[in-house]
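Okay, everyone, thanks for coming. I'd like to walk you through one structure today, residue by residue in places. Have a look at it first.

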Amino acid sequence: MLHILKTRDELGLFLKEQRMRHRSVGLVTTMGALHKGHLSLIARSKEENEFTLCSIFVNPTQFNDPADLERYPRPIERDVEALCTAGCDALFLPEVSEMYQPEEEKQGVWHLDIGPLEEILEGAFRPGHYQGVTQVGHKFFKLIKPDRAYFGQKDFQQFLVISRMVHLLEMPVELICCPTLREPDGLAMSSRNIHLSPAGRKEATLLSKALFLIKDIAPSMHVPGHTAGETKMLPKESILSPEDARLRALDLLATSSMIRVEYLEIADASDLRSVKGWEDASSVIALAAILVGQTRLIDNVFIKQW
């Protein structure tokens, strides 16, 4: 049975009961329009916790474009059905007035120093976005006090931002980043995909193809033909630099007249600073944001990960 909680008081009483029963709580925060990617987070939480709570809240403070906020999908009846089928234990479904109460907002404008992450990639194209993300994230963690919280890799920069917030505010929650789920043609699952026209949906697959092209170009320690476990460095002159790989990926995206690239970068996965060489970081990730018509899509692929 899915328990639907709409107010802070309802949520607090319900969670108090779970704590009294010594049940660990896993949290999946969403803005609704749930798809298989979200449901995979629910499944992971159910594996690792005795109680799983999902939130659905379209947070206005993380939208810098009012039109984008207005057109964000809100199929709540379908979402509730999906959560019931997934075996989620509870849904927190607050109104905006419940999350942004006047007495709290009188304390002043929220601002958290999250460093360069606020100014690069998503931060550069969506000013103020991550202040909204940390503001609502802080509210949810403070209200729910989850043992673990689950996020999708597709929003990797957001995961790093939330991690920074948890560190700065010393919040006792374990953050878990789960792999991106993809459609059979490679497109990352996203609530925004429903806005793509049939032609745009076909062109959108170039995003993941461009990112995986970078992964294919990046040097491997294993040379074809050598036995498993044996390592051999490729000749230095045969290795393309990260910038060369990035340019090839951009060339692929440029084959579509429907796509406009906002950014495509190859970065250190710890802080998203661009790398000049493949060995500049122990974990390297390629990230991109594009517009397909009026629909904005983001995606990323780990090039190497430790």
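So, a question to start with: is Arg 148 buried, partly exposed or exposed? With a relative accessible area of 23%, Arg 148 is partly exposed. The cut-off for buried is under 20%, so 23% doesn't make it for Arg 148. Before I go on, please keep in mind that this is a predicted model.

Let's stay with Arg 148 and look at its partner. The side chain of Arg 148 meets that of Glu 174 in a salt bridge, at 3.3 Å from N to O. Arg 148 sits in strand E5 and Glu 174 in strand E6, which covers residues 174-178, so this pair ties together parts that are 26 residues apart in sequence. Glu 174 is partly exposed too, with a relative accessible area of 43%.

That's one salt bridge, and a search of the whole structure finds 14. I'll pick out another: Arg 19 with Asp 147, where the closest N and O atoms are 3.0 Å apart. Arg 19 belongs to helix H1, and Asp 147 to the loop between H8 and strand E5, so here the parts tied together are 128 residues apart in sequence. As for exposure, Arg 19 comes out at 31% relative accessibility, which counts as partly exposed. Asp 147, at 32%, counts as partly exposed as well.

Now, Arg 19 also turns up in a helix contact, so let's go there. Helix H1, residues 8-20, packs against helix H8, residues 129-144, at an angle of about 50 degrees, and their axes are 10 Å apart. That makes H1 oblique to H8. Which residues do the touching between H1 and H8? From H1 you have Arg 8, Leu 11, Leu 15 and Arg 19, and from H8 they meet Lys 139, Leu 143 and Ile 144. If you sort the residues of that contact by type, you get four nonpolar, three charged and no polar.

Next, please find Glu 262, in strand E7, residues 259-268. Is Glu 262 buried or exposed? At 17% relative accessibility, Glu 262 counts as buried. And what does the side chain of Glu 262 pair with? It meets the side chain of Arg 296 in a salt bridge, 2.7 Å from N to O. Glu 262 is in strand E7 and Arg 296 in strand E9, residues 295-304, so the pair ties together parts that are 34 residues apart in sequence. Both ends are tucked away: Glu 262 is buried, and so is Arg 296. And there's more to this one, as salt bridges that share partners join Glu 122, Arg 126, Glu 262 and Arg 296 into one network. Setting aside residues up to four places away in sequence, Glu 262 touches Phe 125, Ala 289, Ile 290, Leu 291 and Arg 296.

Arg 126 from that network leads us to another residue, Gln 62. Among the residues in contact with Gln 62, leaving aside its neighbours within four places in sequence, is Arg 126. The others are Met 31, His 129, Gly 132, Val 133 and Val 136. Gln 62 is found in the loop between strand E3 (51-56) and helix H3 (66-71). Being in a loop doesn't put it on the outside here: Gln 62 is buried, with a relative accessible area of 9%. Its side chain makes a polar contact with the side chain of Asn 59, at 2.9 Å.

A couple of backbone oddities before I finish. His 22 has phi near 55 degrees, a positive value in a residue other than glycine. His 22 lies in the loop between H1 and strand E2 (25-30), and at 69% relative accessibility it counts as exposed. Ala 33 is another non-glycine with a positive phi, about 50 degrees. You'll find Ala 33 in the loop between E2 and helix H2 (36-48), but Ala 33 is buried, with a relative accessible area of 5%.

And one last stop, Glu 170. Glu 170 lies in the loop between helix H9 (156-169) and E6. Glu 170 is exposed, with a relative accessible area of 70%. From C-alpha to C-alpha, Glu 170 is 23 Å from Thr 52, and the two are 118 residues apart in sequence.

That's my tour. Over to you for questions.

Conventions. Residues are numbered from 1 along each chain as its sequence is written. This is a predicted model: local features need pLDDT of at least 70, side-chain atom pairs count only at pLDDT 80 or more; totals for chains, interfaces and linings use all residues. Side-chain values use heavy atoms; hydrogens and water are left out. Axes are lines fitted to C-alpha atoms, for helices over the stretch in contact, and angles run from 0 to 180 degrees between N-to-C directions. Helices (H or I, at least four residues) and strands (E, at least two) are DSSP runs, numbered from the N terminus. Angles under 35 degrees count as roughly parallel, over 145 as roughly antiparallel, 65 to 115 as roughly perpendicular and the rest as oblique. Contact means heavy atoms within 4.5 Å. Ala, Val, Leu, Ile, Met, Phe, Trp, Tyr, Cys and Pro count as nonpolar, Asp, Glu, Lys and Arg as charged, and the others, Gly among them, as polar. Buried means under 20% relative accessible area, exposed over 50%, partly exposed in between (1.4 Å probe, protein chains only). A salt bridge is a side-chain nitrogen of Lys or Arg within 4 Å of a carboxyl oxygen of Asp or Glu. A polar contact is a pair of N or O atoms within 3.5 Å; within protein, one must be able to donate a hydrogen and the other to accept it, and residues adjacent in sequence count only if both atoms are side-chain atoms.
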